[in-house]
Amino acid sequence: MSNHLSGPVEDVTGQSGYPAGHPPRMGFFTDTSVCIGCKACEVACKEWNLVPESGMDLLGSSYDNTGALGADTWRHVAFVEQVRPRESAPVDLGMPAVGRPGGQEAADADRDVTWLMASDVCKHCTHAACLDVCPTGSLFRTEFGTVVVQEDICNGCGYCVPACPYGVIDIRAGDGRAWKCTLCYDRLRGGLEPACAKACPTDSIQFGPWDELRGRAQQRVDHLRASGVPRARLYGADPDDGVGGDGAFFLLLDEPEVYGLPPDPVVTTRDLPAMWRAAGVAAATAAAVMVAAFLGGRR
Amino acid sequence: MGLGDWIGRWPVLRQVAGPDRLGRGAASRSRHSDQLAPRTTAADRVVKSVCPYCAVGCGQDVYVSGNRVTGIEGDDDSPISRGRLCPKGAASEQLVNSPTRLTRVRYRRPYGTEWEDLDLDTALDMIADRVIDTRRRTWQDTDARGRVLNRTMGIAHLGGATLDNEENYLMKKLYTALGAIQVENQARI
Amino acid sequence: MVPEAKFGSYYGRPVLKPPTWKTPDVPVYMFLGGMAGAAASMGVLAELTGRPALARVGRFAAAGGAAGGTVFLIHDLGRPARFLNMLRTFKPTSPLSVGSWILAGFGTLTGAAAATEVTGWLTGAGRLARYGAAVLGPAMMTYTAVLFADTAVPAWHEAHRQLPFTFAGSALGSGAGVGLIATPPSQAGPARVMAVAGTAMELVAERRMETRLGLAGEPYQRGRAGRLMRAGRALTAAGALAAAVSGRSRAVSVAAGLGLLAGSLVTRWGVFEAGRQSATDPRYTVVPQRERHAAR
Amino acid sequence: MAECHPVGFQWVMEAKQRGAVVIHVDPRFTRTSALADLHVPLRAGTDIAFLGGLINYVLQHGLDFRDYLLAYTNAPAIVSDEFGDTEDLAGLFSGFDPATASYHPRTWSYDGARAAAPIGHPEMGADDHDERAAEERLGATGEPLTDKPRMDPTLTDPRCVYQIVKRHFARYTPEMVEQVCGVPADTFRRVAEAVTSNSGPERTTAWVYSVGWTQHTVGVQYIRAASILQLLLGNIGRPGGGILALRGHASIQGSTDIPTLFNILPGYIPMRRAHRRQSLDEFVAADAGRTGFWGNMKAYAVSLLKAWWGEAAQPDNDFCFDYLPRIDGDHGTYRTVLDQIAGTVKGYFVVGENPAIGSANGTLQRLGLANLEWLVVRDLQMIETATFWRDAPEIETGQLRTEAIGTEVFVLPAAAHTEKPGTFTNTQRLLQWRHQAVEPTGDQRSDLWFYYHLGRRIRDKLAGSTDPRDRPVLDLTWDYPTEGGHDEPSAEAVLREINGVGPDGAALSSYTQLADDGSTACGCWIYCGCFADEVNQPARRRPRHEQSWVAPEWGWAWPDNRRILYNRASADPQGRPWSARKAYLRWDPDLRRWTGPDRPDIEATKPPDFQPEPGAQAQHALSGTDAFIMQTDGRGWLYVPTGLMDGPLPTHYEPPDSPVANPLYAQQANPTRQVYPHPDNRTHEVGSQVFPYVFTTYRLTEHHTAGGMSRFLPYLAELQPAFFCEVSPELAAERGLEHLGWATIVTARAAVEARVLVTPRMRPLRAGGRTVHQVGVPYHWGGNGLSVGDSGNDLLAATLDPNVHIQESKAATCDIIAGRRPRGADLRRLVGNYRVRAGLTGPAGMERPDGTDQARGT
């Protein structure tokens with residue numbers, strides 16, 4: 001088995017020390033083309049996982065008043081309003097105007113509006129930086145190939161927070177520990193599907209074996225592209241990407257950054273050997289400097 | 001947990017001894033993780049219910065431990081909802097367990113400036129008295145043209161549309177017998 | 001300066017989560033760790049080259065720095081009572097795990113060394129402990145650079161080839177600074193060399209961070225981070241210059257030492273702040289990734 | 001639908017994935033629009049013009065489903081030559097009486113034959129004609145008429161319904177649609193082509209609506225317009241067709257079936273109206289047609305009386321028919337509020353409802369509450385209706401003063417849905433039983449408990465009374481078994497009473513078993529069968545995987561567990577499916593019965609070629625092709641010869657507050673709409689310069705109506721944490737509104753403040769030759785709970801549809817200005833100044849909003 005730090009991995013669960021016969025890797029396929037932005041996933045997640053309320057702030061980000069994933073938000077529905085000029089303007093039949101201000105702006109109204117909605121979640125990366133950098137082993141890979149924080153272990157060192165290339169995991173204020181989506185690890189152990197996937201009214205959030213989901217996702221994106229949605233694309237489904245593919249991947253209708261997702265995330269530990277090499281050279285240099293300082297100029 | 005046990009579970013030893021050399025999976029599992037199970041499996045019973053919000057009528061499974069609702073999820077058996085719930089339906093555990101829910105009768109006397117406590121039995125008795133008194137004072141046998149009315153216009157009702165059919169039935173039955181006709185419902189609003 | 005690039009974002013919100021590490025805890029921990037590492041090695045080298053005063057300073061600075069750094073590290077934890085979980089696993093993929101083991105070893109050794117020195121007991125073991133700590137010293141000086149670099153924070157991660165030199169140089173300077181302050185100038189010669197060499201190393205590495213990282217180098221020059229980095233550079237350079245010219249002057253030596261220590265601390269702070277800045281602005285995440293993506 | 005019925009929307013998304021085209025017609029770009037193939041924004045309040053355009057498109061292009069039309073609708077029926085259409089009468093139908101602002105509908109009837117209104121519009125038909133005028137809202141339609149109309153199967157007679165409808169809608173051209181609705185003609189044609197090409201034997205189109213169609217002064221006619229379109233296209237009674245009401249509350253359907261509504265009794269039997277003398281037979285004769293299933297109304301009514309008064313109800317006392325109180329006009333909730341303000345209403349029960357927030361014109365609501373002797377509020381949370389006496393907005397403005405409010409307030413904690421058993425009736429007429437999960441705590445009780453024990457106590461206190469007016473109370477069957485520590489009455493016993501019992505005391509299994517001789521008792525005839533075989537049918541939960549897609553063994557649908565109403569029309573007149581693709585019911589000639597996945601909505605053994613005997617009554621008078629079995633003529637009505645207050649055909653009228661003159665007719669607004677004169681309930685003049693913008697109210701996915709079940713819950717409140725309004729960038733620029741800043745929205749009724757969301761989803765329209773800006777106002781908020789704000793419903797006037805008394809709350813006009821609203825008395829001054837500027841200073845209610853209307857006082 002290779003590719004311990006980056007690249008495609010055949011059996012990420014096995015690579016993490018689980019014996020043969022472990023369950024298949026489970027994941028999410030979030031098809032944003034059928035997301036209706038109802039936020040049932042956000043609520044169902046909080047209900048199941050007893051996640052605290054995360055603030056009564058009107059953000060003005062369309063209908064998104066959650067903002068981003070975080071310690072108290074494990075599912076986050078993004079709302080993106082987009083305007084494109086309309087091709088043909090409506091015709092004014094020229095009835096006598098009643099005469100009031102504002103008529104001239106109507107021309108600006110000739111636009112087509114799209115409203116993208118997408119439920120974001122922890123990606124459960126094949127190469128999970130949060131897990132890699134966790135010093136306590138609190139973050140670990142489960143028998144389902146998912147990445148989970150063990151709340152009885154985490155000491156709140158916070159290293160996972162800046163390590164995550166997606167900005168998912170965070171420290172919970174007042175609690176001190178790191179929290180994020182567990183892909184409902186407890187439910188999975190009981191044979192249940194995660195709460196968000198179960199609640200999702202339109203099946204935008206699909207849960208299942210990773211391989212199966214990827215096949216389904218490919219079919220869906222092919223279908224959409226063939227039926228006139230050229231902007232449809234998969235995100236996080238490629239094992240050759242910077243994180244070895246995401247356990248939770250997406251069908252998006254625009255560039256990832258529009259939804260607040262990084263366009264080309266890379267697991268930081270991919271470069272860990274280079275880092276240690278650089279550190280080794282630096283340490284050796286420093287040692288040499290010191291030795292030289294003592295042995296060189298005896299003053 | 002004894003020291004030996006602790007050392008035995010020490011992940012560093014498990015890293016060395018087992019296949020998870022990097023300590024990223026099996027070796028790092030905690031006792032809590034090994035024992036994890038969905039809390040609903042500990043429920044005393046699962047009660048079949050229906051979401052109280054909109055009229056789609058999504059099926060709900062209500063998980064109960066003792067006399068407490070511990071969770072509410074969609075009922076996968078339902079041909080209407082197939083186990084799914086919207087945010088409101090998904091929040092219905094919070095609805096029923098809300099700490100701000102009313103639990104005691106509150107009473108405000110005429111011209112009063114504060115809430116007062118009132119025993120439920122007393123409240124019911126006072127309301128019954130007021131119904132009887134108001135009914136007598138406002139009873140109409142006939143109108144000015146001699147047409148029979150047999151009613152009171154002194155008592156009105158407005159009901160929400162999340163009440164049960166059985167409740168609506170008793171209300172309409174009682175009000176009609178009392179001659180109270182201004183009985184209305186959210187269905188009209 | 002990299003030109004402003006047009007890029008898409010979600011209401012301008014950060015893609016990444018900025019580090020939740022606290023100040024002054026983490027910059028001070030990094031500073032103390034580096035200083036302690038340099039001091040430990042410096043002390044043993046001084047001992048071996050017959051500079052007992054400098055050796056003594058090095059031993060106690062190492063012990064004090066390790067202990068202090070550990071305190072700050074624990075204080076920064078969300079659950080300080082679970083500090084020992086740092087030794088629950090040995091994670092080669094986690095610089096903090098590796099660092100914790102280094103720190104544990106280093107702290108134990110320097111602590112033991114200091115204890116034997118104070119009590120006079122088990123002096124042989126104390127010597128072994130000192131030598132061990134001295135070997136770990138260079139690791140203490142640099143592992144924190146990897147700790148920062150091994151994140152998704154653009155200003156840190158992209159600097160992963162330069163940061164260890166910045167930190168090593170900074171640690172040399174701070175170790176030397178302690179020596180300059182607490183040692184008679186007669187024994188502090190090597191510290192002066194360390195100061196000058198370390199500063200040169202640091203300044204070269206920082207220059208490279210600013211020029212070779214593209215957009216990711218920008219935070220080191222902007223805003224609060226930029227001010228801290230410039231202040232750190234000025235203090236360090238002044239300290240090194242003063243060290244170089246201090247000669248037999250105790251007062252100038254002390255001033256030089258203080259400058260080096262302050263410079264080292266402020267530089268760590270600046271690096272920390274630059275990371276925060278780069279994580280908070282989605283531009284630093286999206287634009288380089290978009291360019292990388294387009295290049296494929 | 002995605003906004004307010006997300007889980008129902010799964011089926012739309014599934015249909016879309018299978019190739020269905022989804023079109024969303026709505027003033028706002030909502031979450032539904034985002035997922036639709038086409039969003040068609042239109043000016044709020046103009047849907048009849050849009051639907052009329054579609055009807056015209058079908059008729060002009062000959063796209064109707066002719067075989068269906070001839071067999072199942074009244075298209076061929078000949079109408080009286082006295083009928084005069086809006087086309088000829090400047091927007092009025094024949095029979096309009098300006099003095100009462102109501103219609104004499106006599107001239108609308110069929111020629112030489114008359115139909116009776118299906119009951120359910122029961123306010124038609126009072127005792128005698130001369131009393132009618134005084135009865136105000138209760139226009140008489142003359143004698144109930146039951147003969148079948150004369151038919152012209154060629155549809156060429158100029159007086160046949162088909163031709164009348166065609167003429168009526170001829171002016172609803174795509175260009176006129178554009179002018180009225182602001183929908184570009186080419187967009188309209190896209191919709192028309194999609195709807196018509198997706199209808200016929202092989203395909204069906206469904207229309208789905210919610211209160212965006214009903215909360216208008218012409219709400220019933222909105223639905224009528226959709227009905228005409230769907231009947232023309234053959235989309236009723238067929239799988240994938242229909243006009244589907246998405247109702248907003250768990251049992252709002254049940255609340256009309258077993259009504260807490262002033263004008264009907266359970267099962268849509270009308271309430272009694274004031275008469276000098278009227279027997280049960282006269283009551284039935286006056287209200288029910290002889291043919292169709294309503295021909296059995298006496299059996300339904302007698303069974304109800306038996307259920308209520310048991311042994312006391314005997315043939316010799318007309319089954320206690322005289323125990324029923326009488327109505328004599330509009331006693332709807334808004335009338336009641338005016339009566340509260342006038343002081344005639346003394347006591348008020350508000351149960352699971354929050355009118356201070358949820359009803360139109362909150363000021364009127366709160367003034368009414370403040371003028372009661374006593375108020376009982378039963379709810380889960382401390383809602384604004386309970387706390388009005390200390391924190392109503394009118395306290396702040398000085399209009400009300402706590403120390404001066406004499407209302408005695410009882411707030412009683414209610415049990416939640418998990419704390420009591422019972423049935424909800426969902427939007428598909430499906431009854432589903434909820435089992436009790438836990439016991440309520442403290443003083444929390446079910447409403448069943450409250451009303452049972454209140455009734456018991458009242459009966460105890462009245463025991464021994466010799467006053468005849470107390471007899472209805474004392475003779476009431478009120479002996480439900482109780483269980484548990486709280487003496488909770490058995491909901492299942494109540495459901496069984498609703499279902500009804502036969503002479504042997506056993507539960508009935510169908511309403512067809514009901515008798516008019518007192519041998520059966522049934523609390524709601526349409527629910528008869530829900531306890532068939534002594535089984536709680538709504539509690540059935542055979543998993544969906546274990547039964548057909550129709551899922552007949554999940555819950556129980558009224559009537560008779562039928563899942564698609566009028567499903568006889570899913571087969572052709574000979575009883576064969578219209579197509580294999582759309583097969584549902586078929587007549588099996590070998591078995592000699594209707595077969596299919598659903599219960600047939602016709603007698604199961606009535607053959608397609610059945611012809612009634614002359615003089616036959618009730619259902620026996622309907623033929624084997626009479627698919628609309630509740631109608632006296634068995635046909636779906638394109639044209640309504642009787643039963644509506646505001647005309648036999650839908651006509652576009654402008655909302656009472658409108659930015660434009662009615663482009664179609666001289667008649668501006670519905671001439672029969674209900675108005676309630678009050679200084680705080682004024683409407684605006686047409687094209688008001690003072691109130692230049694249109695606003696519409698609505699709900700959000702994250703909240704529930706007046707907020708009692710959502711604003712108090714952290715997980716919901718945080719998702720929409722503040723009252724906001726939505727405006728277009730153009731309007732924001734025009735009024736200097738800043739995104740996330742504050743705006744004050746002003747009408748002649750009130751001024752409220754809201755945070756501003758500037759969004760391209762709101763779009764100015766060109767209509768009536770001008771730019772119309774629309775402001776979106778979600779209405780969930782009040783002062784209590786976690787997510788708080790002003791109440792959008794305060795902005796509305798209470799002006800109602802004359803048929804069903806639902807208020808106009810989807811289209812009105814307003815002004816919007818940047819910044820927060822004034823506080824205290826300054827707020828009243830602001831609204832007062834607007835009234836002065838708008839010229840609304842005369843006697844309240846006497847303003848003539850459109851210059852041509854007869855505004856009615858009350």
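Two residues are counted as in contact when their C-beta atoms, placed from the backbone, lie within 7 Å. The model on screen is predicted, and the tour below starts at the places where its chains meet.

**Stop 1: chains A and D**

Select chains A and D together. Their contact takes 50 residues from chain D and 45 residues from chain A. On the chain D side, several elements each supply at least two residues, among them helices α1 (9–17), α7 (174–181) and α23 (729–735), and strands β25 (751–758) and β27 (770–772). Coloured by class, this side of chain D shows 25 nonpolar, 13 polar and twelve charged residues.

**Stop 2: chains B and D**

Now hide chain A and show chain B. Which chains share the most contacts? Of the five pairs of chains in contact, the answer is B and D. Here 132 residues of chain D are in contact with 99 residues of chain B. To find the largest share of the chain D side, select helix α19 (residues 447–462) of chain D, which gives eleven residues. By class, the chain D side holds 66 nonpolar, 46 polar and 20 charged residues.

Before leaving, bring up chain C next to chain D. Chains C and D do not touch, and their nearest C-alpha atoms are 13 Å apart.

**Stop 3: a strand of chain B with partners in two chains**

Select strand β7 (residues 148–159) of chain B, then strand β8 (residues 180–185) of chain B. The two pair in the parallel sense over five bridges. Label Thr152(B), and opposite it in β8(B) you will find Ala180(B). Is β8(B) enclosed or open to its surroundings? Six of its six residues are buried, so β8(B) is largely enclosed by the rest of the structure.

Keep β7(B) selected and add strand β11 (residues 347–351) of chain D. This pairing runs between chains: β7(B) and β11(D) are parallel and joined over five bridges. Follow it to Gly159(B), whose bridge partner in β11(D) is Val351(D).

**Stop 4: a three-strand sheet in chain B**

Stay in chain B and select β1, β2 and β3. They form an open sheet in the order β1-β2-β3, with antiparallel pairing. Strands β1 (45–50) and β3 (68–74) stand at the edges, each with a single partner strand, so one side of each has no neighbour in the sheet. From one strand to the next the twist averages 30°. Zoom in on β1(B) and β2(B) (residues 59–65), which pair in the antiparallel sense over six bridges. One place to label is Val50(B), which stands opposite Gly59(B) in β2(B).

With side chains shown, a general point applies: in a regular strand the side chains alternate between the two faces of the sheet.

**Stop 5: a three-strand sheet in chain D**

Move to chain D and select β14, β15 and β18. These three strands also make an open sheet, ordered β14-β15-β18 and paired antiparallel. At its edges are β14 (422–425) and β18 (556–557); each has a single partner strand, so one side of each is left without a neighbour in the sheet. Between β14(D) and β15(D) (residues 430–434) there are four bridges in the antiparallel sense. Label Phe424(D) and its bridge partner in β15(D), Gln432(D).

**Stop 6: helices of chain C**

Select helix α1 (residues 25–48) and helix α9 (residues 250–280) of chain C. They pack at an angle of about 135°, with their axes 9 Å apart. The two helices are therefore oblique to each other, and α1(C) passes α9(C) in a right-handed crossing. To see the contact, show residues of α1(C) including Phe31(C), Gly34(C) and Met35(C), and residues of α9(C) including Arg268(C), Trp269(C) and Phe272(C). By class, this contact has nine nonpolar, two polar and one charged residues.

Swap α9(C) for α2(C). The axes of α1(C) and α2(C) come within 7 Å and cross at roughly 160°. Angles over 145 degrees count as roughly antiparallel, so that is how α1(C) and α2(C) are described. The crossing of α1(C) past α2(C) is left-handed. Its residues divide into 18 nonpolar, seven polar and four charged.

**Stop 7: Ala81(C)**

Finish in the loop between α2 (52–76) and α3 (95–119) of chain C, where Ala81(C) is located. Is Ala81(C) buried or exposed? Ala81(C) is exposed, with 10 other C-beta atoms within 10 Å. Draw a distance from its C-alpha atom to that of Met42(C), 39 residues apart along the chain, and the separation is 33 Å.

Conventions. Residues are numbered from 1 along each chain as its sequence is written. Chains are lettered from A and ligands numbered from 1 in the order in which they are written. This is a predicted model: local features need pLDDT of at least 70, side-chain atom pairs count only at pLDDT 80 or more; totals for chains, interfaces and linings use all residues. Axes are lines fitted to C-alpha atoms, for helices over the stretch in contact, and angles run from 0 to 180 degrees between N-to-C directions. Angles under 35 degrees count as roughly parallel, over 145 as roughly antiparallel, 65 to 115 as roughly perpendicular and the rest as oblique. A crossing is left-handed if the near helix is turned anticlockwise from the far one by less than a right angle, and right-handed if clockwise. Ala, Val, Leu, Ile, Met, Phe, Trp, Tyr, Cys and Pro count as nonpolar, Asp, Glu, Lys and Arg as charged, and the others, Gly among them, as polar. A residue is buried if 20 or more other C-beta atoms lie within 10 Å of its own, exposed if 12 or fewer, and partly exposed in between; C-beta atoms are placed from the backbone. Two strands pair if DSSP finds at least two bridges between them.
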